Amino acid sequence: MAPAGAIVVCLFPGQGSQRVGMGRDLAAEFVVARRTFEEADDRLGVALSRLCFEGPEETLRLTANAQPAILTASVAAYRALEEVTGLEPAAVAGHSLGEWSALVAAGALGLGDAVVGVRERGRLMQEAVPPGEGAMAAILGLDADAVAALCAEAAEADVLVPANLNGGGQVVVAGHARAVDRLLPLAAARGARAQLLAVSAPFHCPLMEPAATGVTFHAPRLPVVSSVEARPVRGAAELPGLLVKQVTAPVRWEETVRALAALGATLALETGPGRVLSGLSRRIAPALVSVPAGDVDGIARAREALAA
């Protein structure tokens with residue numbers, strides 16, 4: 001449990017956290033969550049909620065679908081938390097796509113504009129690299145400098161760079177699929193574990209340049225810690241440039257979590273599908289109590305933690 005008077009931050013997950021059924025229990029339990037899905041459906045003109053609740057998985061996984069779906073499920077969880085607990089986080093942060101969810105939570109961007117924006121972002125990201133040309137892999141057991149050196153060795157004439165600096169000995173790489181294939185045995189020879197990721201494009205690398213685009217924002221009502229620069233952003237003027245940069249730059253998640261801890265955070269709520277960010281937070285900042293709070297059971301756990 002978090003200590004009395006916990007300083008709370010919310011963490012919003014990125015692509016890869018999607019799963020068929022996400023948000024279904026929230027929509028059944030909380031009117032505010034159900035209305036969140038209805039708002040996204042109306043703005044997109046498609047039954048995004050049905051795709052989240054029922055799948056099929058292969059359609060949900062497509063970047064142009066996964067991004068608005070994760071965002072909507074995350075905002076639904078956040079709004080339910082607000083309603084049930086009176087949540088007022090000291091700051092918010094999002095991993096990759098999750099930064100858009102964080103901006104909605106902070107009042108810097110409306111949900112309708114956000115789902116349209118990330119759907120277009122996802123479409124452009126998917127089109128930036130033809131299917132099968134790009135790949136991503138998680139490298140476990142090597143630090144960022146070692147992985148960067150292996151990327152340089154494996155790249156040859158292709159693109160291959162660290163994409164997510166997740167901390168806890170985990171670095172995700174992205175680039176041309178053939179370069180990722182060359183990296184895997186090099187990493188294994190260094191005693192690392194390598195795992196290809198089930199994504200439809202190589203995010204956060206120079207191959208994503210065609211998808212870099214900006215939007216207009218309002219001033220956030222609470223600090224948003226940018227995963228591009230690992231620092232709090234409080235004004236609207238910086239946000240468009242940071243989100244353009246985010247498409248091609250690595251996600252500095254370890255530094256982002258440390259920045260949240262430096263703000264005095266004692267309780268982190270993972271506000272969206274999955275629990276990957278909670279696990280990373282425990283490794284990066286063990287004193288920061290982390291609770292997955294993206295479903296009905298998670299909201300109950302968050303309520304208990306906030307009441308401790």
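**Exercise 1. Determine what covers the buried residues of helix α12, and describe where this helix lies.**

Step 1. The cover over the buried residues of α12 includes β1, β4 (160-167), β5 (170-176), α11 (253-262), β9 and β10. The model examined here is a predicted one.

Step 2. The buried residues in question are Leu277, Ser278, Gly279, Leu280, Ser281 and Ile284.

Step 3. Helix α12 spans residues 276-284 and lies across β1, β9 and β10. Relative to β10, the helix runs at about 170°.

**Exercise 2. Establish the order of the strands in the open sheet and identify its edge strands.**

Step 1. The open sheet is formed by six strands, and their order is β8-β7-β2-β1-β9-β10. The pairing within the sheet is mixed.

Step 2. An edge strand pairs on one side only; here these strands are β8 (231-233) and β10 (289-292).

Step 3. Ignoring direction, neighbouring strands of the sheet are turned by 30° against each other on average.

Step 4. As an example of pairing, take β1 (residues 8-12) and β9 (residues 267-270), which run parallel and are joined by four bridges. Leu11 has Glu270 in β9 as its bridge partner.

Step 5. Another helix, α6 (residues 98-105), lies across β1, β2 (91-94) and β7 (224-226). Its direction is at about 155° to that of β2.

**Exercise 3. Describe how helices α5 and α6 pack, and classify the residues at their contact.**

Step 1. Two packed helices are described by the distance between their axes and the angle between those axes.

Step 2. The axes of α5 and α6 come within 9 Å and cross at roughly 35°. The crossing of α5 past α6 is right-handed.

Step 3. From α5, the residues Leu71, Ser74, Val75 and Tyr78 take part; they meet Trp100, Ser101, Val104 and Ala105 of α6.

Step 4. Sorted by class, this contact of α5 with α6 holds six nonpolar residues, two polar residues and no charged ones.

**Exercise 4. Analyse the aromatic pairs Phe12 with Tyr78 and Phe37 with Phe53.**

Step 1. The whole structure contains three aromatic pairs according to the search. Two of them are treated below.

Step 2. In the pair of Phe12 and Tyr78, the ring centres are 5.9 Å apart and the planes make an angle of 50°, which is a tilted arrangement.

Step 3. Phe12 belongs to strand β1 and Tyr78 to helix α5 (residues 63-85); the pair therefore ties together parts that are 66 residues apart in sequence.

Step 4. Phe12 has a relative accessible area of 0% and is buried. Tyr78 also counts as buried, at 4% relative accessibility.

Step 5. For Phe37 and Phe53, the centres are 5.0 Å apart and the planes stand at 65°, so the pair is edge-to-face. The cut-off needed for this step is an angle over 60 degrees.

Step 6. Because Phe37 lies in helix α2 (residues 31-44) and Phe53 in helix α3 (residues 48-54), this pair ties together parts that are 16 residues apart in sequence.

Step 7. Phe37 is buried at 2% relative accessibility, and Phe53 is buried with a relative accessible area of 16%.

**Exercise 5. Locate Val247, decide whether Val247 is buried or exposed, and give its separation from Phe203.**

Step 1. Val247 is placed in helix α10 (residues 239-248).

Step 2. A residue is buried under 20% relative accessible area. Val247 has 2% relative accessibility, so Val247 counts as buried.

Step 3. Along the chain, Val247 and Phe203 are 44 residues apart, while their C-alpha atoms are separated by 6.9 Å.

Conventions:
Residues numbered from 1 in each chain as written. Predicted model: local features only at pLDDT ≥ 70, side-chain atom pairs only at ≥ 80, totals over all residues. Heavy atoms only, no water. Pairing = 2+ DSSP bridges. Helix = DSSP H or I, 4+ residues; strand = E, 2+ residues; numbered from the N terminus. Axes fitted to C-alpha atoms, helices over the stretch in contact; angles between N-to-C directions. Contact = heavy atoms within 4.5 Å. Phe/Tyr/Trp six-rings, centres within 6.5 Å; stacked < 30°, edge-to-face > 60°. Buried < 20%, exposed > 50% of the residue type's maximum accessible area, 1.4 Å probe, protein only. Left-handed = near helix turned anticlockwise from the far one by under 90°. Nonpolar A, V, L, I, M, F, W, Y, C, P; charged D, E, K, R; others polar.
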